Amino acid sequence: MKRNSLKYILITGLIAGSLTSCTKKLNLLPTNDVTAEQVYSSPEGYKQAFAKVYAAYALTGNTGPAGNGDVQGIDEGTSDFFRLMWCAQELPTDEAVVGWGDVGLPDFHSMTWSSSNLFLTGLYYRCMYQITLANDFIRQSSDAKLSSRGITGADADKVHQYVAEARFLRAYQYSILMDLFGNPPFVTENDALGGALPEQISRKDLFTYIEGELKAIDGGLADARTNEYGRADKAAAWALLARIYLNAEVYTGTANYAAAVTYSKKVIDAGYSLVSDYTKLMRADNNLNKNEFILTINYDGLHTQSYGGATFMTHAPVGGSMPAADFGISGGWAGLRTTKAFVNLFPGGASSADKRAQFYTDGQNIDINTISSFTDGYAISKFKDVKINGAPPQSLDYADMDLPIFRLAEQYLIYAEATTRGGGGDAALALSYVNKLRARAYQSATTGQLTALTTDLLLDERGRELYWEGFRRTDLIRYKKFVEATYLWPFKGGSKDGKGVESFRTVYPLPSADVTANPNLKQNTGY
């Protein structure tokens, strides 16, 4: 067993229910016929139900890796949260292209997606499913419910902490919907399951809700770095606050860089530290990197088998002449590569002295002439499901690697950017944080060190540090370089040399099926 974690608790039952506005073709299935009264009848039952709230981030269904998915109407292997989120955040950018021709997938890089795009629809319902799980757990954990079931004392205190974490996970999922879809339907534990059709919430109001929730649960979460690995604590809430404050102007129309400075600094001061070798961040036993990781989605090759998450990140980028064994896998899926524009963010390109430049070039062309050809575009070798010492993983088919939702490096970069944009931080301290990242990247205390920061430099630095971790679309939008013609990359907008696209594509459409089913929803502009 990789580590003691809630993800290993057998889920004996949780009525997940379904959102009324979901269509029959893409519905949220109940896990089984066990009633809530049975599930929540004991402290152990509460822990099992709570485990499902977390497990939905790493698992795609009740049997896995395929055959009984949580979200119907989409291939279960594709329905994993991280895989879908990654596609939406990375494939429309300079950081990634995919050679597969699955209907709707090529639309990301060409920026021609529609409201019927299956991958966006799957992501939307995956987020809503995970919100539904959190809502149900919170609903079943009121003081009145606990008292009626004889859950008291220390057992009740544990449930109260579980509730704070469930509220965090719900806020995190709403932050994804806010960022990607703007104006989603909104439901909490106060809305009866299967009751009235959900109302729509504006992006600005959703921001206010997420902000308020994260601040409200601060006292109920474990102190930073004291919770079980893979579970949320106060630092996770601060990290999410810092992230949304950095993007506040996009979400609300009003910047709040001062708050981004405040909350990123709270995380930085909580005792985290950088892993000494960047190239070992994404490895099969990277749970050992917990000094840098603030919150992770935990995977295990024996216990969380799916074709999403870390398995996707280790298999999909391997093809051509790449030796599968070097990546801890039985074989690659020959799909994902990167563009020349991203390679050129590194001085010297693929041969950069910056160790973050993890490119596989043997047999690969830097220029992309045909997206469907795996050998067009350099491959990324950042994700390897081998242990830090080079030993193999538990399985060559399903990954052990954990994927960070938040890590310290991002908080350094948030502090630096928010300070540089006038957020009131210490400019010298901001520079020192970025130089810590560059000292690790160059394995030198002098080579590659900067003397000053600019916002454009920090966008490039975010690309070099955080690439393929699910940030690039959001970053380019914040910098007004996503849809605009001021920054181009190969095949942006479907043009070989790249072109600007319609401004409305900074927000994805709500799924047409949900808009049709729920008259409370108004489709996003342009779709």
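The charged end of R505 sits over the ring of W113, 5.3 Å from the ring centre. K266 is placed in a similar way: its charged end sits over the ring of W238, 4.4 Å from the centre. The model is predicted. This briefing covers aromatic rings, one lysine, one glutamate and the cysteines.

**Charges over rings**

- Two ring partners are tryptophans: W113 takes the charged end of R505 over its ring, and W238 takes that of K266.
- The distance from charge to ring centre is 5.3 Å for R505 and W113.
- For K266 and W238, the distance is 4.4 Å.

**Aromatic pairs**

- A pair of aromatic rings is described by the distance of the centres and the angle of the planes.
- The count comes to 41 aromatic pairs.
- One of them joins Y46 and F137, with 6.1 Å between the centres and 80 degrees between the planes. This pair is edge-to-face.
- Y46 belongs to helix α2 (residues 43-55) and F137 to helix α5 (residues 118-139), so their pairing ties together parts that lie 91 residues apart in sequence.
- Y46 is buried, at a relative accessible area of 0%. F137 is buried too, at 0% relative accessibility.
- W86 and W468 make another pair, with ring centres 5.3 Å apart. Their planes stand at 85 degrees, so this pair is edge-to-face.
- The W86 and W468 pair links distant parts of the chain, 382 residues apart. W86 is in helix α3 (residues 81-90). W468 is in the loop between α16 (455-466) and α17 (472-478).
- Both of these tryptophans, W86 and W468, are buried.
- W86 and W468 also belong to one aromatic cluster, together with W100, Y307, F312, W333 and Y398.

**K382 and its surroundings**

- Where is K382 found? This lysine is in the loop between β7 (379-380) and β8 (403-407).
- Is K382 buried or exposed? K382 is buried, because its relative accessible area is 1% and the cut-off for buried is under 20%.
- Which side chains make polar contacts with the side chain of K382? One is the side chain of Y278, at 2.9 Å. Another is the side chain of E469, at 2.8 Å.
- Neighbours within four places in sequence aside, K382 is in contact with Y278, M282, R283, Q358, E465, L466, Y467 and E469.
- One of these contacts, Y467, is 85 residues from K382 in sequence. Their C-alpha atoms are 9.2 Å apart in space.

**E213 in helix α8**

- E213 is found in helix α8, which covers residues 203-216.
- This glutamate counts as buried, at 10% relative accessibility.
- Leaving aside neighbours within four places in sequence, E213 is in contact with R167, R170 and A171.

**Cysteines**

- A disulfide is a covalent bond between the sulfur atoms of two cysteines.
- How many disulfides does a search of the whole structure find? The search finds 0.
- C87 shows why no bond forms there: the closest cysteine sulfur, in C127, is 13 Å from the sulfur of C87, too far for a bond.
- C87 counts as buried, at 5% relative accessibility.
- C127 is also buried, with a relative accessible area of 0%.

Terms used. Residues numbered from 1 in each chain as written. Predicted model: local features only at pLDDT ≥ 70, side-chain atom pairs only at ≥ 80, totals over all residues. Heavy atoms only, no water. Phe/Tyr/Trp six-rings, centres within 6.5 Å; stacked < 30°, edge-to-face > 60°. Helix = DSSP H or I, 4+ residues; strand = E, 2+ residues; numbered from the N terminus. Buried < 20%, exposed > 50% of the residue type's maximum accessible area, 1.4 Å probe, protein only. Lys NZ or Arg CZ within 6 Å of the ring centre and 35° of its normal. Contact = heavy atoms within 4.5 Å. Polar contact = N/O pair within 3.5 Å; in protein donor to acceptor, adjacent residues only side chain to side chain. Disulfide = S-S within 2.5 Å.
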